[in-house]
Amino acid sequence: MDTLATQQSLTPQSVLKEFFGYTTFRAGQQDAIEACLAGRDSLVLLPTGGGKSLCYQVPALMLQGVTIVVSPLISLMQDQVAQLQAQGIAAEFVNNSVEWQQQQHIYQRLHNGEIKMLYVAPEKVLQREFIDRLRNLSLSLFAIDEAHCVSHWGHDFRPHYCRLSELKQLFPHVPTIALTATADMATRNDIISQLNLNDPFVHTGSFDRPNIRYTIEEKFKPLSQLMRYLKTQKGQSGIIYCSSRRRVDEIAEKLSEGGFNAAAYHAGMDNEQRQFVQNAFARDDVQIVVATVAFGMGINKPNVRFVLHYDIPKSIESYYQETGRAGRDGLAAEAIMYFDPADIGRVRRFFEDITDEQRRKVEQQRFNAMANFAEAQTCRRQILLNYFSEYQREPCGNCDICLNPPKHFDATIVAQKALSCVYRAEQRFGLGYIVDLLRGANTARIRDNQHHNLSTYGIGKDQSNEYWLSVLRQLIHHGLLAQDITQGATLKLTEAARAVLKGEYTLNLAEPRLQASHVYQDKLA
Ligand code: ADP
Ligand code: ZN
């Protein structure tokens with residue numbers, strides 16, 4: 001492979017020092033830079049904050065000609081270019097927001113060889129007129145930032161990214177470096193094939209974010225759980241992700257009424273409003289953003305102290321990206337997810353409507369991995385990193401499972417109480433009603449059904465709602481109860497329940513984890 005012409009006196013080390021003021025490369029940077037200098041395609045997978053930009057900025061400064069950086073977000077482009085210019089580097093950007101006259105000026109300088117890095121939006125780079133310009137330039141490198149946007153399966157899919165492979169066809173001798181913070185295997189392979197990377201050098205960095213503490217909390221009354229949590233946060237910045245716009249609006253409103261400094265963000269709001277919220281959050285004028293996944297790329301706020309998932313995300317990849325917005329400054333941060341096992345069924349039904357079969361399968365598989373993660377009782381970080389093929393031998397010590405290991409107890413009697421309650425109520429009722437019966441609640445519905453006269457009425461009043469809900473969910477999980485979704489999710493006893501009712505074996509259940517994130521809070525204060 002040819003080594004591209006470089007400016008002789010420069011070395012990666014000297015550029016690092018001279019232009020960026022750093023003395024040592026971080027893991028992966030030097031190898032990626034050398035691949036670019038050698039004219040080889042490469043794929044760099046590093047978590048956010050891992051230092052991806054230098055991987056193409058250093059070669060851009062060393063190689064003769066101009067490096068074209070494709071970046072999907074105008075705001076990111078502007079920030080990066082402003083920063084480079086402040087360091088005395090000849091960088092510019094063009095996108096459809098730049099005025100015609102200014103663009104002409106930039107093109108003039110480009111043709112004079114005065115620009116080392118040109119940032120371009122993906123839709124722009126493929127315009128006929130722009131391609132024609134590129135033909136007349138000496139090109140050193142294509143850098144494709146946020147390269148996971150080519151992946152159909154990802155949450156950030158952008159149609160323009162798919163067409164970027166045309167660059168390879170038009171300019172086969174210009175090396176391409178693709179960069180992303182998404183590490184999932186399917187996406188990796190997708191990037192390589194979609195961008196037509198030729199035998200690329202691949203660098204995968206560690207995706208561990210040791211300062212983030214992962215917690216999954218069982219979802220009971222999520223709004224009160226949330227309020228209780230936020231009260232412990234005392235004005236810290238955070239993001240709350242919800243699965244629908246309606247829920248976002250509803251929760252943002254409830255939080256505001258509750259005296260919290262919160263704002264909503266979703267794709268149903270107009271651009272101006274969204275920009276306003278994002279800026280206010282960046283300036284700490286808004287403490288909490290309640291958002292859908294639309295609140296994503298381009299949030300570079302270093303001091304986000306918590307990311308809370310009100311609903312289960314659709315993939316581990318999304319979960320990792322979203323939780324990854326916490327603790328960019330390296331200080332302790334929290335990722336909390338509220339989990340109701342019933343949501344698994346709800347999300348699964350949603351996938352059934354996807355008509356493209358392959359897409360449906362991929363989405364389902366990804367969601368299955370997410371559901372397994374949520375239900376697992378093993379170190380959260382081990383599962384997460386394993387998913388990204390980064391095998392961890394030791395549990396992390398900084399997740400709810402490590403800090404507060406699940407305890408099991410002989411639940412035979414507890415289960416018998418719950419199961420007989422379902423039986424006495426003739427297997428015609430759902431979770432909430434059975435919990436009420438167990439706790440001896442005085443509701444109109446129970447009186448109407450004469451259920452306050454049942455022998456099992458109130459046999460569980462020594463325990464909380466949450467406790468019984470958790471027990472009933474586990475009984476479903478263990479196959480002792482089944483939910484009949486065709487009949488309003490009524491609970492029915494399964495064959496296996498009989499043996500437990502007869503006391504034929506000992507049933508162990510996990511002790512219900514009520515308020516998981518607070519239990520160990522002082523342990524690590
Ligand atoms: P990414 O694009 O992977 O999210 P950036 O390229 O924005 O990350 O880099 C994150 C931060 O780390 C930036 O402030 C950058 O200047 C800094 N950084 C990158 N490489 C080095 C290095 N070798 N030494 C010191 N700081 C670095
Ligand atoms: Zn752990």
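Val94 has Val120 of strand β4 as its bridge partner, a good place to start reading this predicted model. Val94 falls within β3 (91-94), and β3 pairs with strand β4 (residues 117-120) in the parallel sense over 4 bridges. From this pair we can move out to the whole sheet, then to the helices, the ligand and one buried phenylalanine.

**The sheet**

- The strands form an open sheet of 7, with parallel pairing, in the order β3-β4-β2-β5-β6-β1-β7.
- At the edges stand β3 (91-94) and β7 (201-204); each has a single partner strand, so one side of each lacks a neighbour in the sheet.
- From one strand to the next, the twist averages 15°.

**Helices on the sheet**

- Helix α2 (residues 29-37) lies across four strands: β1 (42-45), β5 (139-144), β6 (176-180) and β7. The angle between α2 and β7 is about 165°.
- Helix α3 also packs on the sheet, where it touches β1, β2 (66-70), β4, β5 and β6. The direction of α3 makes about 170° with that of β5.

**Around ligand 1**

- Which helix gives the most residues to the shell around ligand 1? That is helix α3 (residues 52-62), with 3 residues.
- Among the residues around ligand 1 are Lys52, Ser53 and Leu54, along with Thr48, Gly49, Gly50 and Gly51. Tyr22, Phe25, Arg26, Gln29 and Leu46 are also part of this group.
- By class, the shell around ligand 1 holds 4 nonpolar, 6 polar and 2 charged residues.

**Two crossing helices**

- Helix α14 (residues 316-323) and helix α16 (residues 357-375) have axes that come within 8 Å and cross at roughly 60°.
- On the α14 side, Ile316, Glu317 and Tyr319 make the contact; on the α16 side, Arg366, Ala369, Met370 and Phe373 do so.
- The contact of α14 with α16 has 5 nonpolar and 2 charged residues, and no polar ones.

**A closer look at Phe429**

- Phe429 sits in the loop between α19 (412-424) and α20 (431-439).
- Is Phe429 buried or exposed? Phe429 is buried, because 22 other C-beta atoms lie within 10 Å, and a residue counts as buried at 20 or more.
- Beyond its neighbours within four places in sequence, Phe429 is in contact with Ile434, Thr490 and Leu491.
- Phe429 and Ala489 are 60 residues apart in sequence, while their C-alpha atoms are 7.7 Å apart in space.

Conventions. Residues numbered from 1 in each chain as written. Chains lettered and ligands numbered in written order. Predicted model: local features only at pLDDT ≥ 70, side-chain atom pairs only at ≥ 80, totals over all residues. Axes fitted to C-alpha atoms, helices over the stretch in contact; angles between N-to-C directions. Contact = placed C-beta atoms within 7 Å. Nonpolar A, V, L, I, M, F, W, Y, C, P; charged D, E, K, R; others polar. Near = placed C-beta within 6 Å. Pairing = 2+ DSSP bridges. Buried ≥ 20, exposed ≤ 12 C-beta atoms within 10 Å, placed from the backbone.
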